Structure formats: structure tokens, C-alpha cells
Amino acid sequence: MKKVVTGNHAVSFASKIARAQVVAAYPITPQTQVVERISKFVADGEMDAIFIKVESEHSALAAAIGASAAGARAFTATSSQGLALMHEMMHWCSYARCPVVIANINRALGPPWSIWTEQNDSLAQRDTGWIQYYCESNQDVLDSIIQAFKVSERVLVPSMVVLDSFFLSHTSEPVDFPDQDKVDEFLPPYKGEWVIDPDNPHTFGGLTGPDKYYELHYMLQQAHKDAEQVMDEVHKEYEKLFGRKYGRIEPFMADDAEVLLVVSGTPASTAKQAVIDARDEGFALGSVKIRVFRPFPRELVKEVCRGKKAVAVVDRNYSFGNQGIFFTEVRDAIYDLEPRVPVYSYITGLGGRDITAEDLVNIGKAAEKKECDNPTWWGVKL
Amino acid sequence: MSKEIEIRGVKDMPPMAVSLGLMTVNKTGSWRNMRPVLIAEKCTACSICWKFCPDMCINIEGDLPVFDYDYCKGCGVCAHECPTGAIVMEEEMR
Ligand code: SF4
Ligand code: SF4
């Protein structure tokens, strides 16, 4: 059944369809509607979940971790400053191997106060051990959350599903809602092996010396490695059941492209228009969306970039003192390609500034002509 | 009763830090640098030390306190609280 919903409500509905059992959340613009709708679902008896009102995002994730550790399917949603406040618990969640799912609405951090989109909030959580998905459409949001629960519960690694503020959070789009029966088939109830059980008491997260801590991190990395294969299986199963195809990366007219744009989030959809416009002019542009950022799809990125004349990475984020964050990841992944593929960094759209199809065509052309300062701050007013 | 669990590597480990056994085999008293020692002649059997030990390592046997050195951390709270100075802290020799 198709419904016209905002990205925020796609998140609320996804948590309901995925049968999240505990939702602990604190409202923050632009995420507020997510929480509002979930609390209404629970209050109206449409969703069989416990909704916990908490006093901060730190507590929201702490409560979700507690619920997950007790064997419940736990969910929360936040944005920007709220995610930053969760940071300590982000580590706790993944190291405790609690398969919590979070929706994060990408919003620029202050000061100055901003409510518009930028990826620095979620990318600042890059090294916390979480899986990260970046969504292009509200359909992508709904489907990614359902998939994320399955992947997380298989590999015991929490997932963050990321969507752009306003461009998705507050924009209504038609979204195909999967049948509850089929989702239940796809996503059976979570059965954790290592959960809190009063009849079989254990200490969780107790002091662990250097002789074992190291091995625990090795296992978390192995779980990320396993997640790649699990995702590929989950994507196949999802396509079979629901008819929608997903990948860890999603190339668009990339095979015969000479120049490739690497994009994430909503600019991935703008990039498709840019590619079509460029092809009309006879410019062989292609694009690839990085949908899953962690575990980073190194091999897939390498293959899609092989043989290209130039690769232009478009970053709506910045690692101060270095480069765009996707750029360093992409360049690292394709470093040993033979022959070498030149890769260029374009910073765009910080603080929610618009990224147009025209910008992306021109970025592609600049990369073809090797016009880049690595990084180039595209359109910065000097 | 739990027995000692040998963990050689990841194959023996659960994916997260979770206790596999009981504290009966994890004798945390090995951290101790100072050990409380009772001077029985000074002790009035008031049990104040028993009440204050933060690690519940003092048992009253007969009337007098007995330290459980398998778990006592050597914090010295008991010695500090003892009104008659019947507990002295001595350097742990291992
Ligand atoms: S030294 Fe500390 S831990 Fe040991 S018996 Fe005294 S109070 Fe308890
Ligand atoms: S506090 Fe001192 S006097 Fe009282 S029982 Fe303990 S050792 Fe004896």
C-alpha cells in the first residue's frame, strides 16, 4: 500500500512495522515528528511497545541499551546535538553488542545554531563501532530501518539509519508500505543469546583487563566484516519479498562513465539528474551512492572506480585539519588500483546549502579537467 | 560452585564482556597492596569495622573480626573507622 509520508513519519512507521518493543527518545528538531508519531502509535494501542520519555538523548540511548540487553528490540531517533550527547553510549551500545537501531536526522551542529542538513553529526560517530546507512529517499528510509534490524540482530552490531534534515525529514513522498505479514516473515522476533536473565545471572560489561579487551574489539571488527555478507543476503531476500533492490553501494550509469561522482544521502538523487543532464550534453558522467558507510564497502568502491578517468567525491561534511570524510575513505579504498585513478575532493552544501544538479555536472567537469585543490570548497564565497 | 574457566582466545569468548563464572573463582584480593591486620588485645568487638568495610570482607567469627583476604582490597577504611586502633595496615609482601 502506498502512502504519502514525510521522512520523519517513514521512520515512525518503520519502527512500528519492524515491531520495535521499546522506544526511548527525546525530541529535537528536525526529529521531533518521529517521536511524536511513535508516542501516538503507542498511546492509541496501534503499536505494542513501551515508549519511554527520557530527560536527555544520553538517557534515551542508555534506556535503549538496557532494553536491548534484556532481549527487546529497541529503537530510538535523534539528530545533531542530541546524537553528540549520545556519544558515550554509542560506544557502550556497540561494545556491549546490543543490536539497537537509531534513526539520525543529519543536522549541522552549532554554533551558530542551525537546523539544516550536514553529515558531521553522524560522521563524528564513525569510529564508535556502529553500522551506518545513508538514505536517498523516504522509501529508502523505511526499508533501511527494517533491514537494519535484521542485519544488526544477525551480527550483534547496532545500526544508524541516516536521513537528511528537511530534504527528507519534512518532505512528503509516496512510500510503499510492506505488508505486516511479510515483514513479520522477514523479521522474526529478536532472540538474543546473551541477554539479561534473572534466572541465569551474569555480570555484563564488567572490568576486563588488557588480556581480553583486545580480543573483544577484534570480534567487533569481525562482526562488521560478517555484516557485509549478511547485508548482501538481506538485500536479496528483501528484493524477493518486497520487489525493491538495494545495495551497499548503488551505481547509476557508472559502467560506461568516464567521470564518476561519489555521493551519499539526498545528493545521490540529485546526482542521477546531473548524470542524465550531462549525458544529454555528451559528457560521460556516472554516479555512485554510498548507502552503507560502515562497514565501508571498500571492495565495491574499488571495483566501481576501476578504469575511470576521474572520481569526484562530493562531501557534505568536513574533517577539520584534513579533508572531506567520504573522500579520505574512498581514496584509501582505491589507492592501490592499477592504473591509478585520480580522485578529487569537493566540499559542498555545508549547513544545508543547496546542492543542485548543475553544481554536480560542473563538479564532474572540473574533475575531468583535474581542476581541484583537494579539497575544493565548491561555491564558497571568498 | 563455579570452576576456573580457561580463555585462550576469541573461540572461548562470548561476543561481549559478560561474566561466565562466579566471583568465587575471581579472587580480586590479589590487587591489594596493604593488608589489614588485627591486634586482638585492643579489639572491643564493637563490629564497627564489619559495618564499614565497603567490600563486605570482614566476617565476625566468635566475637572478633576476621578479614577475607581473597577479596579485601586493602583500602584501610576498617583501620580508619576502628575507635581503638585495633587494625593496622601492613605492606603486602608477595
Ligand atoms: S582494608 Fe578495606 S576491604 Fe579490607 S577489610 Fe578493611 S575495609 Fe574491608
Ligand atoms: S572496629 Fe576495631 S574494635 Fe571494633 S570490632 Fe573492628 S577491630 Fe574490633
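## Salt bridges: the criterion and one local pair

A salt bridge here is a side-chain nitrogen of Lys or Arg within 4 Å of a carboxyl oxygen of Asp or Glu. Asp211(A) and Lys212(A) meet that criterion, with their closest N and O atoms 3.1 Å apart. Asp211(A) is exposed, at 54% relative accessibility. Lys212(A) is partly exposed, at 26%. The model is predicted.

Shared partners also link salt bridges into one network, made up of Glu136(A), Asp140(A), Glu250(A), Lys272(A), Lys289(A) and Arg291(A). Within it, Glu136(A) pairs with Lys289(A), the closest N and O atoms being 2.9 Å apart. Over all chains, the whole structure holds 29 salt bridges.

## Buried pairs across the sequence

Arg73(A) and Glu153(A) join through their side chains in a salt bridge of 2.7 Å, N to O. Arg73(A) sits in the loop between helix 3 (57-69) and strand 4 (74-79) of chain A, while Glu153(A) belongs to helix 6 (residues 138-155), so the pair ties together parts that are 80 residues apart in sequence. Arg73(A) has a relative accessible area of 3%, so it counts as buried. Glu153(A) is buried as well, at 14% relative accessibility.

Asp164(A) and Arg316(A) form another salt bridge, with closest N and O atoms 3.6 Å apart. Asp164(A) is in strand 7 (residues 159-164) of chain A, and Arg316(A) is in the loop between strand 13 (310-315) and helix 11, so this pair ties together parts that are 152 residues apart in sequence. Both Asp164(A) and Arg316(A) are buried.

## Helix 11 of chain A

Helix 11 of chain A spans residues 325-334 and is mostly covered. Seven of its 10 residues are buried. These are Ile325(A), Phe326(A), Phe327(A), Glu329(A), Val330(A), Ala333(A) and Ile334(A).

In general, an α-helix has 3.6 residues a turn, so residues three or four places apart point the same way.

## Two domains in chain A

Chain A divides into domain 1 (2-242) and domain 2 (251-377). Their C-alpha centres lie 27 Å apart. Where the domains meet, 28 residues of domain 1 of chain A contact 28 residues of domain 2 of chain A.

The area buried between these two domains is about 2,200 Å². Carbon and sulfur atoms give 51% of that area. Six salt bridges are counted between domain 1 of chain A and domain 2 of chain A.

## Where chain A meets chain B

The contact between the chains takes 17 residues from chain A and 11 residues from chain B. About 1,300 Å² is buried between chain A and chain B, and carbon and sulfur atoms give 76% of it. On the chain A side, Trp194(A), Leu216(A) and Met219(A) lose the most area to chain B. Together these three account for 37% of what that side buries. The count of salt bridges between chain A and chain B is zero.

## Surroundings of ligand 1

The residues around ligand 1 come from chain B. Four of the names are cysteines: Cys53(B), Cys72(B), Cys75(B) and Cys78(B). The others are Pro36(B), Pro54(B), Ile58(B), Phe67(B), Lys73(B), Gly74(B), Gly76(B) and Val77(B).

By class, this shell has nine nonpolar, two polar and one charged residues. Lys and Arg count as charged and Gly as polar. Lys73(B) is listed in the shell, as are Gly74(B) and Gly76(B).

Notes: Residues numbered from 1 in each chain as written. Chains lettered and ligands numbered in written order. Predicted model: local features only at pLDDT ≥ 70, side-chain atom pairs only at ≥ 80, totals over all residues. Heavy atoms only, no water. Near = heavy atom within 4 Å. Buried < 20%, exposed > 50% of the residue type's maximum accessible area, 1.4 Å probe, protein only. Helix = DSSP H or I, 4+ residues; strand = E, 2+ residues; numbered from the N terminus. Domains from an automatic or database assignment. Contact = heavy atoms within 4.5 Å. Buried area = accessible area lost by both parts, 1.4 Å probe.
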